[in-house]
Amino acid sequence: MAARPGEPRTRRPSPRGGPKPRLTPELVVDTALRLTRDHGLDGWTVRQLAHALGTWPNTIAHHVGDRDAVLDAVVQRVVALMPNPPADLGWQEWFRALLLPSRDIIAGYTGVARRLVRDGATVPAALPIMDRGIGLLADAGFGPRAPLAYAVLLNTSMLLIALDDDRKLAGRGRGEAAADLMAMAPPAGAGAGWEAMRPWLREWADDPDASRERLYRYTIESLLTGLEADRAAGAGR
């Protein structure tokens, strides 16, 4: 299967005794990206990265910098995989075209979503997306609230992905928590709300991937609906 643009290309091993590929910053980041895809952003060390490259940790520092610098470069590479939909879309359709495909992209690199919540506005690859998104919101009538609306959409979507990452890292990423809740006796004081939640928990336990996607889409649509109400109310002031 061909790698997606921005993902590391598979390198053929050098013949025994043959020269190793020349180490470059791009190769360092390619390899760190692969390790992140396989083990998560916090699942590898600089020593392991150096081992994968057949070099020494201080060589990594020479070419890219310390571990934080490598992580920044990995996040930059992942964000570059996100779409930046055309500006002629309406603002709601533009955010759907950005956020819905981005879920699978970001979720493929555990730990990146949480870092984006923290650092998104300073990631160079995110700046063209931010410029276009805030510009569309401003043109739609959000005025000075456009950056706030953008932050609500981006941060909420990334936090949902980060929550899924946390479940995976805790070894409870495929519906185990929902199955445990289904097996519980109703807690003291449980009423109609607990009973109404059981079909959702059953769905989550049986097909957690579909349930997570449904929750993500519902959240995005709810935010868009709420922001449209805010936009319309603000237009009359």
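In what order do the elements of the chain run from the N terminus on? They go α-α-α-α-α-α-α-α-α-α-α. Hi everyone, that is our starting point today. What you have in front of you is a predicted model, so please keep that in mind as I talk. The chain has eleven helices and zero strands. It has 237 residues, and 37% of them count as buried. If you take contacts between residues at least 6 apart in sequence, 67% of those join residues at least 24 apart.

Let's begin with the core. The largest nonpolar core holds 52 residues, and Leu49, Phe95 and Ile106 have the most contacts inside it. Which elements give two or more residues to this core? They are α1 (25–39), α2 (46–53), α4 (67–79), α5 (91–107), α6 (112–119), α7 (127–142), α8 (146–169) and α11 (208–235). The most comes from α8, which gives nine residues. As general background, nonpolar side chains tend to be buried together in soluble globular proteins.

Pick out Ile106 on your screens. Setting aside neighbours within four places in sequence, Ile106 is in contact with Val78, Met82, Val112, Ala113, Leu116, Met158 and Ile161. Keep Val112, one of those partners, in mind.

Now to α1, and a polar residue there. Thr36 sits in this helix. Is Thr36 buried or exposed? Thr36 is buried, since its relative accessible area is 0%. Where does its side chain go, then? The side chain of Thr36 reaches the backbone oxygen of Ala32, at 2.9 Å. Beyond its neighbours within four places in sequence, Thr36 is in contact with Leu41, Trp44, Val74, Tyr109, Thr110 and Val112. So there is Val112 again, in the list for Thr36 as well as the one for Ile106.

Next, α2. Its buried residues are Leu49, Ala50 and Leu53. Seen down the helix axis, the buried residues of α2 fall within an arc of 100°, so they line one face of the helix. A helix has 3.6 residues a turn, so residues three or four places apart point the same way. On the other side of α2, Arg47 and His51 are exposed. What covers the buried residues of α2? The cover includes α1, α3 (57–63) and α4. And right after α2 comes Gly54, with a positive phi near 70°.

Speaking of Arg47, let me bring in another arginine. Arg67 lies in helix α4. With a relative accessible area of 24%, Arg67 is partly exposed. Arg67 and Arg47 are 20 residues apart in sequence, and their C-alpha atoms are 10.0 Å apart in space. Not counting residues up to four places away in sequence, Arg67 touches Leu41, Asp42, Trp44, Thr45 and Val46. For Leu41 we also have a polar contact: a polar atom of the Arg67 side chain lies 2.8 Å from the backbone oxygen of Leu41. Leu41 and Trp44 are also among the contacts of Thr36.

On to α6. Here the buried residues are Val112, Ala113, Arg115, Leu116 and Asp119. Seen down the axis of α6, they fall within an arc of 160°, so they line one face of this helix too. Which helices do the buried residues of α6 pack against? They pack against α1, α4, α5 and α8.

Just past α6, have a look at Ala126, in the loop between α6 and α7. Ala126 is buried, because its relative accessible area is 12%, under the 20% cut-off. Ala126 and Ala80 are 46 residues apart along the chain, with 7.5 Å between their C-alpha atoms. Leaving out neighbours within four places in sequence, Ala126 is in contact with Val79 and Gly120.

Gly120 takes us to my last stop, the largest pocket. How much space lies in it? About 280 Å³. The largest pocket is lined by 16 residues, and those nearest its centre are Leu116, Gly120, Ala121, Tyr150 and Leu154. Two or more residues of the lining come from each of α6, α7 and α8. The largest share, six residues, is from α8. That is the helix that also gives the most to the largest nonpolar core. Likewise, Leu116 lines the pocket and is in contact with Ile106.

That's my tour, thanks for listening!

Notes:
Residues are numbered from 1 along each chain as its sequence is written. This is a predicted model: local features need pLDDT of at least 70, side-chain atom pairs count only at pLDDT 80 or more; totals for chains, interfaces and linings use all residues. Side-chain values use heavy atoms; hydrogens and water are left out. A nonpolar core is a set of buried Ala, Val, Leu, Ile, Met, Phe, Trp, Tyr and Cys residues joined through side-chain atoms within 4.5 Å. Buried means under 20% relative accessible area, exposed over 50%, partly exposed in between (1.4 Å probe, protein chains only). Helices (H or I, at least four residues) and strands (E, at least two) are DSSP runs, numbered from the N terminus. Contact means heavy atoms within 4.5 Å. A polar contact is a pair of N or O atoms within 3.5 Å; within protein, one must be able to donate a hydrogen and the other to accept it, and residues adjacent in sequence count only if both atoms are side-chain atoms. The arc is that of the directions from the helix axis to the C-beta atoms. On a 1 Å grid over the protein atoms alone, a cavity is a set of points where a 1.4 Å probe fits but cannot get out, and a pocket is an open set with protein on both sides within 12 Å along at least five of seven lines; lining residues have an atom within 4 Å of a point. Grid points are joined across faces, edges and corners, and a volume is the space filled by probe spheres set on the points.
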